[in-house]
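Work through the exercises below with the model open. Try each task before reading its solution.

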Amino acid sequence: MKLLLVEDDKELNRTLTYQLEKEGFAVDSCLDGEEACYYMEEGLYDLILLDRMLPKLDGIGVLTEMRKKGDMTPVIMLTALGALTDKITGLDCGADDYLVKPFDFEELAARIRSIGRRPRRMEATEKLTFADISYEPVEARLTGPEDTCSLSRREGALMETFLRNIGQSLSRPILLYRVWGPDTDVEEGNLDNYIYFLRRRLKAVGSRVQLKTVRSIGYRMEDC
């Protein structure tokens, strides 16, 4: 799992990063709310560990902005504010879990693993649009300037992943994880096949959108 840790206490940030990496997680870390928003725009994470009391933009503000943009990445709030009303506020704003400081690292790791075992859900059922295409997840229908077509389940999951991460270069492991699941042993050649299928679909509906190969990384959706 790839995690984003947002914690303004530098010592705690370093300690948690070290412990999480020792457990086998890939970790990006930052120290304030504005930096967290930048990381979320630039990267794709499986879970975010979010301190509530942050400089520049507090954790509730970060969480609210995430959910407004349709980013449904799971969030565990880490905070010294342990009153029931504080927990309710955090959960109502979209947090998936709420852990009060001080906490045992073993408990945090267990909660991360618990969320990681949940099926990854593609959240919204609303129409997704970019450039000259639109995609309706429920009907698995792709529409372009010249035509409309239906996508298979894998094609649809791949299309939705790209449309929810416009402008980002998505690595092969991330795409395999999001489309085939965390325990898959599918070969990377299958991903290349489905990229080829999607490129054909985009061409068939008359779209100028392209799936660009990013050397040594993976793929990125672009308006060409």
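**Exercise 1. A helix and its surroundings**

Which residues are buried in α3?

Solution. Start with the ground rules. This is a predicted model, in which local features need pLDDT of at least 70, side-chain atom pairs count only at pLDDT 80 or more, and totals for chains, interfaces and linings use all residues. Residues are numbered from 1 along each chain as its sequence is written, and side-chain values use heavy atoms, with hydrogens and water left out.

Step 1. Fix the terms. Helices (H or I, at least four residues) and strands (E, at least two) are DSSP runs, numbered from the N terminus. Buried means under 20% relative accessible area, exposed over 50%, and partly exposed in between (1.4 Å probe, protein chains only).

Step 2. Read off the helix. G59, I60, G61, V62, L63, M66 and R67 of α3 are buried.

Step 3. Interpret. Of the 10 residues of α3, 7 are buried, so the helix is largely enclosed by the rest of the structure.

Step 4. Find the partners. The buried residues of α3 pack against α2 (33–42), β3, β4 and α4 (84–92). Contact here means heavy atoms within 4.5 Å.

Step 5. Check the end. Just after α3, G70 has a positive phi of about 85°.

**Exercise 2. The parallel sheet**

Give the strand order of the open sheet of 5 strands, and say what packs on this sheet.

Solution. Step 1. Two strands pair if DSSP finds at least two bridges between them. The order is β2-β1-β3-β4-β5, and the pairing is parallel.

Step 2. The edges are β2 (26–30) and β5 (97–100), each pairing on one side only.

Step 3. On average, neighbouring strands are turned by 20° against each other, direction ignored. Axes are lines fitted to C-alpha atoms, for helices over the stretch in contact, and angles run from 0 to 180 degrees between N-to-C directions.

Step 4. Zoom in on one pair. β3 (residues 47–51) and β4 (residues 75–79) pair in the parallel sense over 4 bridges. I48 stands opposite V75 in β4.

Step 5. Add the helices. α1 (residues 10–22) packs on the sheet and touches β1 (2–6), β2, β3 and β4. The direction of α1 makes about 170° with that of β2. α3 (residues 59–68) also packs on the sheet, touching β3 and β4, and its direction makes about 170° with that of β4.

**Exercise 3. An aspartate in a strand**

Is D51 buried or exposed? What does its side chain meet?

Solution. Step 1. D51 lies in strand β3. At 4% relative accessibility, D51 counts as buried.

Step 2. The side chains of D51 and K101 are joined by a polar contact of 3.2 Å. Such a contact is a pair of N or O atoms within 3.5 Å; within protein, one must be able to donate a hydrogen and the other to accept it, and residues adjacent in sequence count only if both atoms are side-chain atoms.

Step 3. Leave out residues up to four places away in sequence. D51 then touches V6, E7, D8, G59, L78, T79 and K101.

**Exercise 4. Cysteines**

How many disulfides does the model have?

Solution. Step 1. A disulfide is a pair of cysteine sulfur atoms within 2.5 Å. The count comes to 0.

Step 2. Test C37. The nearest cysteine sulfur, that of C30, is 8.9 Å away.

Step 3. Test C93. Its sulfur is 14 Å from the closest cysteine sulfur, in C37, too far for a bond. C93 counts as partly exposed, at 24% relative accessibility.

**Exercise 5. Hairpin, sheet and crossing helices**

Describe the sheet in the order β10-β12-β11, then place α8.

Solution. Step 1. The sheet is open, has 3 strands and pairs in the antiparallel sense. β10 (170–171) and β11 are its edge strands.

Step 2. β11 (residues 209–214) and β12 (residues 218–223) pair over 6 bridges. V214 stands opposite G218, and K212 opposite R220.

Step 3. These two strands form a hairpin with 3 residues between them. In the turn, S216 has a positive phi of about 70°.

Step 4. α8 packs on the sheet, touching β11 and β12; its direction makes about 155° with that of β11.

Step 5. α6 (residues 153–163) and α8 (residues 188–204) pack at about 80°, with axes 10 Å apart. They are therefore roughly perpendicular. That class covers 65 to 115 degrees; angles under 35 count as roughly parallel, over 145 as roughly antiparallel, and the rest as oblique.
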